[in-house]
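Student: Could you take a close look at chain B with me, and then show me how it sits with its partner? I'd like one connected explanation that I can follow with the structure open beside me.

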Amino acid sequence: MESQSLNALDPWPQTVQWRPVSPKMITVELVERAIWTVILLAITGTLWLIFSSAWVLVAGGALIVGTVGGTYFSIQAIRSYGYAERERDLLVRHGRLIRRLSIVPYGRMQFVDVTAGPLERAFGLATVRLHTAAAASDATIPGLEPDEATRLRDRLAALGEDRGEGL
Amino acid sequence: MNKFHPLSPVLKGFRLLVLAVIAISWRGLEQLQLEGWLATVAGLLVVLLAYSFIAWRFSGYEIVGRELRIHEGVLSRRVRTVPLERLQAIEVIQPFQARVFGLAELKLDVAGAEKSEAPLSFVPLERARELRAQLLMLSGGAQEVLDEHEEELFRVKNNDVVVSQFLTPPVMFTPLAVLYVIGQVVFNQDFGFFAIASMLSALFATLVAPVLRMLNFWHFRLARTADGKLRIRHGQLTARSQTVPVHRVQALTVTWPLLWRMKGWLRISLAVAGQGAGTPEGGGQKAETDRLLPVATLDTARAIVPHVLPSVDLAALPMTPVPRSARWLAPLRVRVLAAGLTERVFAAVDGFATRTLTLVPYERIQSVRITQGPWQRRLGLASVHADVAGGTPVTASHRSLPEAYQWIDELARRSDEARASRG
């Protein structure tokens with residue numbers, strides 16, 4: 001066991017090739033947040049026109065501060081996303097504040113999902129999600145280019161089949 | 001298609017009626033007067049019986065190849081198909097009202113299902129046993145006739161069950177509640193009959209849980225069938241007989257409740273995939289059916305556990321404690337927290353008052369994870385989680401970061417190898 005200080009997001013340096021998710025994911029996140037902020041500000045504005053109470057202004061201010069902070073953290077979180085295909089398992093890491101790293105052996109996969117929400121589709125992105133028999137398994141990779149998503153899905157499906165049933 | 005027993009609708013109706021009466025409760029009695037209340041109950045009874053009779057006409061079951069098909073429904077008829085290769089465990093249950101007529105129901109635990117399937121109810125007890133043997137044979141893919149011979153492993157003393165249930169917080173605090181009710185009756189003149197009745201009901205409700213548990217764990221017997229399956233039998237009013245193939249056990253939890261420590265007692269529960277938390281009919285007290293041992297000493301547990309997890313000795317697990325820096329995050333638990341990778345299982349201890357030891361065999365680990373919160377990062381700590389089907393993940397909290405990374409890599413490798421070598 002090495003006692004040197006380990007980088008929490010990069011264990012096993014040199015042996016693992018981490019792939020980042022598409023930077024377009026940040027744009028998707030910004031657009032989504034912008035839409036929500038506009039809707040919530042519109043509601044606050046309407047309330048202010050009806051009640052003209054100072055509390056509504058406070059709520060509006062809190063909303064803007066929350067949005068700025070939330071946006072900063074979610075951009076950090078997207079940048080921290082990474083995945084790596086090893087010989088027998090898939091690694092997925094994400095999170096800046098709370099860091100998470102999952103390892104799912106290919107043999108344990110039950111099925112693979114590829115989904116794309118309306119915004120993701122508009123920017124040509126997709127999310128790949130691995131399911132195992134355990135509900136707690138957490139292996140979701142958002143922000144993949146369609147080609148990469150299809151390649152990953154097919155590869156995972158093929159590897160899972162090779163290795164038989166999961167349970 | 002095989003029909004259920006003709007008494008099934010009556011017995012099922014009885015169960016629903018009890019729930020309905022509980023739902024109406026004291027307040028209802030107060031508002032409706034006795035005649036109105038009786039009329040309501042009788043009306044409900046007629047409606048329920050009529051409904052369950054129609055349901056019975058169209059329901060039944062059949063075995064086709066390696067599938068069990070269950071026909072049900074009144075307005076929209078359904079055929080549920082249970083793939084038998086995914087069958088995890090079968091339980092033969094005799095609820096009190098069915099026991100009177102010598103009937104039983106079969107509860108099936110299926111992997112991947114959110115909760116237990118609705119039971120097959122009711123069939124004669126003999127038929128239930130045959131059906132269980134037949135379904136288990138088909139699920140294992142075996143062709144040979146199952147040997148029903150079994151060897152008894154352990155019998156829990158009813159006395160211990162009673163004492164262990166008295167040593168629980170609800171029972172220990174009951175005397176205080178009784179004093180409160182007496183005090184109200186003596187000093188509070190406005191206290192009406194219905195208020196007292198409601199309080200007595202509440203008091204009764206707190207005592208119901210331990211009493212139901214006592215009845216549920218009454219005559220607890222553990223046996224091993226000739227082909228290596230566990231057979232767990234228990235229950236006074238409702239007699240249960242559960243057959244669990246050992247290789248379907250996903251994880252095992254040993255719990256030492258605070259009040260049991262003076263007796264040196266523990267309990268062990270099993271996580272079996274598909275044995276969900278939900279009750280099929282909704283409402284009512286759920287009986288705990290996941291116990292391997294409801295109350296036992298460490299010596300007994302050491303003798304029994306190897307039948308489920310071969311060559312695991314509870315008293316000699318190579319566990320390592322957490323670094324001292326974990327005291328900032330878990331001041332009380334820092335001396336308790338420990339975990340280790342043993343030859344066959346991943347084990348973790350946690351809990352200050354109620355101590356738990358969770359064991360998961362490597363071939364049952366579905367995925368492994370590390371999480372590291374902001375405080376853990378400052379202290380160079382991280383938590384290791386091993387996910388299992390049909391149970392909560394096994395968590396080793398606050399390990400040192402290099403160790404945590406070494407462990408998840410090792411756990412993923414062992415999980416994969418154990419699964420591959422099993423074929």
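Tutor: Let's start with how far along the sequence the contacts of chain B reach. Counting contacts between residues at least 6 apart in sequence, 56% of them in chain B join residues at least 24 apart. Please keep in mind throughout that this is a predicted model. Chain B has 423 residues, and 33% of them are buried. Its C-alpha atoms fill a box of roughly 70 × 70 × 40 Å along the principal axes. Within that box you can look for 9 helices and 20 strands.

A single residue shows nicely what a contact across the sequence looks like. Find Ser139(B), which belongs to helix α3 of chain B, the helix covering residues 125–140. Is Ser139(B) buried or exposed? Ser139(B) counts as buried, because 23 C-beta neighbours lie inside 10 Å, and the cut-off for buried is 20 or more. Now look for Glu85(B): although Ser139(B) and Glu85(B) are 54 residues apart along the chain, their C-alpha atoms are separated by 4.5 Å. If we set aside the neighbours of Ser139(B) within four places in sequence, its contacts are Leu84(B), Glu85(B) and Leu87(B).

Next, move along to a pair of helices in chain B. Helix α5 of chain B spans residues 169–187 and helix α6 of chain B spans residues 193–216; their axes come within 10 Å of each other and cross at roughly 170°. The two helices, α5(B) and α6(B), are therefore roughly antiparallel to each other, since an angle over 145 degrees counts that way. Which residues make this contact? On the α5(B) side they are Pro170(B), Val171(B), Thr174(B), Ala177(B), Val178(B), Val181(B) and Val185(B). Facing them from α6(B) are Ile196(B), Met199(B), Leu203(B), Thr206(B), Leu207(B), Ala209(B) and Pro210(B). Sorted by class, the contact of α5(B) with α6(B) has 12 nonpolar and 2 polar residues, and no charged ones.

Now zoom out a little. Chain B is divided into domain 1, residues 158–216, and domain 2, residues 268–422. Taken over C-alpha atoms, the centres of domain 1 and domain 2 of chain B are separated by 35 Å. How many residues does each domain bring to the contact? Domain 1 of chain B brings 7 residues and domain 2 of chain B brings 5 residues. On the domain 1 side, α4 (158–166) and α6 of chain B are the elements that give two or more residues. Of these, α6(B) gives the most, with 4 residues. So you meet α6(B) twice: in the contact with α5(B), and again on the side of domain 1 that touches domain 2. By class, that side of domain 1 of chain B has 3 nonpolar, 2 polar and 2 charged residues.

With chain B in view, let's bring in its partner. Chain A has 167 residues, of which 25% count as buried. Its secondary structure comes to 4 helices and 7 strands, and along the sequence they follow the pattern β-α-α-β-β-β-β-α-β-β-α. Chain A is also divided into two domains, with domain 1 at residues 24–77 and domain 2 at residues 83–162. Their C-alpha centres lie 31 Å apart. The contact between these two domains of chain A takes 9 residues from domain 1 and 10 residues from domain 2.

Finally, how do the two chains meet? The contact takes 27 residues from chain A and 28 residues from chain B. Which element supplies the largest share of the chain A side? That is strand β4 of chain A, residues 99–105, with 7 residues. Taken by class, the side of chain A that touches chain B has 15 nonpolar, 5 polar and 7 charged residues. The strand β4(A) pairs with strand β18 of chain B, residues 367–372, in the antiparallel sense over 5 bridges. For one spot to click on, try Ser102(A), whose bridge partner in β18(B) is Arg369(B).

Conventions: Residues numbered from 1 in each chain as written. Chains lettered and ligands numbered in written order. Predicted model: local features only at pLDDT ≥ 70, side-chain atom pairs only at ≥ 80, totals over all residues. Axes fitted to C-alpha atoms, helices over the stretch in contact; angles between N-to-C directions. Parallel < 35°, antiparallel > 145°, perpendicular 65-115°, else oblique. Nonpolar A, V, L, I, M, F, W, Y, C, P; charged D, E, K, R; others polar. Buried ≥ 20, exposed ≤ 12 C-beta atoms within 10 Å, placed from the backbone. Pairing = 2+ DSSP bridges. Domains from an automatic or database assignment.
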